[in-house]
Amino acid sequence: ITPNRTDDRVQYTCEAELRLGPGGPQPNPVMKSEPLNATVLYGPELSRCQDRVEVMENQTLGDSVVCTVQGSPAPETSWLKDGREVDASAPLSRTDGGLYTYRAFNTYGSTTHNVSVEVLYGPELSGCRDHVEVTE
C-alpha cells in the first residue's frame with residue numbers, strides 16, 4: 001500500500017484464505033486481521049482563495065474567509081503585513097488596508113497566499129464648523 005491524502009482516516013484489514021483443494025476443509029479457512037486505521041500526514045494546501053477582500057471598518061481579518069485550508073495535522077493560520085505577523089482578531093481601521101499574506105502551516109510544511117484587503121467605511125464630514133453666525 002502506498003497511501004496518499006485520499007487514504008486519510010481509511011480503515012484497512014488483511015485477509016488470508018488457505019486453499020487446500022477439493023480434499024481440504026470446505027469452506028476454505030480464512031484469517032482476518034484487526035482493523036488498522038490509517039492517518040496520512042501532509043503539509044497544508046490552500047484552495048478557493050480570494051485575491052481581494054473587502055472588510056468593514058472595525059471588523060477583523062479573522063472574520064474574512066479567504067481560502068479553504070486542508071492538511072494533516074490540521075494547519076494553523078496567520079496573517080502578515082509587510083512581512084510581520086498581525087493580530088487577526090484586532091479590529092481594522094480605515095488606514096489598515098493594503099497587501100496582506102495569509103499563511104497556513106503545520107509540522108509538514110507551510111504555504112501562503114497574497115490578499116489585497118480594502119477597509120470600507122461610512123462617509124464622514126470634515127472641515128465643518130460646529131457653529132455658524134449669519135447676519136441678516
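Leaving aside its neighbours within four places in sequence, which residues is V53 in contact with? In this predicted model, the list comprises S64, V66, V115, S116, V117 and E118. That set makes a convenient way into the structure, and several of its members return below.

Consider the strand pairing around V53 to begin with. Across from V53, in β11, stands V117. The strands involved are β6 (52–56) and β11, the latter covering residues 109–120, and they pair in the parallel sense over 5 bridges. Strand β11 also pairs with β10, here in the antiparallel sense and over 9 bridges. Within that second pairing, T101 has N114 of β11 as its bridge partner. The connection from β10 to β11 is a hairpin, made through 2 residues.

The side chains of these strands lead on to the nonpolar interior. In soluble globular proteins, nonpolar side chains tend to be buried together. Here the largest nonpolar core has 12 residues, namely V53, V55, L61, V66, C67, W79, L92, Y100, Y102, V115, V117 and V119. Strands β6, β10 and β11 each supply at least two residues of this core, and the largest share, 3 residues, comes from β11. Three of the residues that V53 contacts, V66, V115 and V117, are thus found again in the core list.

A polar residue also meets the valines of the core. S64 is found in the loop between β6 and β7, and with a relative accessibility of 15% it counts as buried. Apart from neighbours within four places in sequence, S64 is in contact with V53 and V55, both of which are core members.

Aromatic residues contribute to this core as well. The search of the whole structure returns 2 aromatic pairs. One of them joins W79 and Y100 in an edge-to-face arrangement, with 6.2 Å centre to centre and 80° between the planes. Because W79 lies in strand β8 (residues 76–81) and Y100 in strand β10 (residues 98–106), this pair ties together parts that are 21 residues apart in sequence. Both rings belong to buried residues: the relative accessibility of W79 is 4%, and that of Y100 is 3%. Together with Y102, these two residues form one aromatic cluster, and each of the three is listed in the core.

Charged groups are found over aromatic rings at two sites worth a look. R94 lies over the face of Y121, at 4.0 Å from the ring centre. R103 is placed over the face of F105, and there the figure is 4.1 Å from the ring centre.

Turning to the cysteines, a disulfide is a covalent bond between the sulfur atoms of two cysteines. The count for this model comes to 1 disulfide. It is formed by C49 and C67, with their sulfur atoms 2.2 Å apart. The torsion about the S-S bond of C49 and C67 is about 125°, so the disulfide is right-handed. As C49 lies in the loop between β5 (42–47) and β6 and C67 in the loop between β6 and β7 (68–72), the pair ties together parts that are 18 residues apart in sequence. The two partners fall into separate accessibility classes: C49 is partly exposed at 26%, whereas C67 is buried, with a relative accessible area of 8%. C67 is also one of the residues of the largest nonpolar core. Another cysteine, C14, is exposed, with a relative accessible area of 52%.

Finally, some backbone details deserve attention. Most residues other than glycine have a negative phi, and most peptide bonds are trans. Against that background, the peptide bond from S72 to P73 is cis, with omega near 5°; P73 lies in the loop between β7 and β8. A positive phi, near 70°, is found at R9, which is not a glycine. R9 belongs to the segment before β1 (11–12) and is exposed, its relative accessible area being 72%. D82 likewise has a positive phi, of about 55°, although it is not a glycine. D82 lies in the loop between β8 and β9 (84–86), and at 66% relative accessibility it too counts as exposed.

Definitions and conventions. Residues numbered from 1 in each chain as written. Heavy atoms only, no water. Disulfide = S-S within 2.5 Å. Helix = DSSP H or I, 4+ residues; strand = E, 2+ residues; numbered from the N terminus. Buried < 20%, exposed > 50% of the residue type's maximum accessible area, 1.4 Å probe, protein only. Contact = heavy atoms within 4.5 Å. Phe/Tyr/Trp six-rings, centres within 6.5 Å; stacked < 30°, edge-to-face > 60°. Lys NZ or Arg CZ within 6 Å of the ring centre and 35° of its normal. Pairing = 2+ DSSP bridges. Core = buried A, V, L, I, M, F, W, Y, C linked by side-chain atoms within 4.5 Å.
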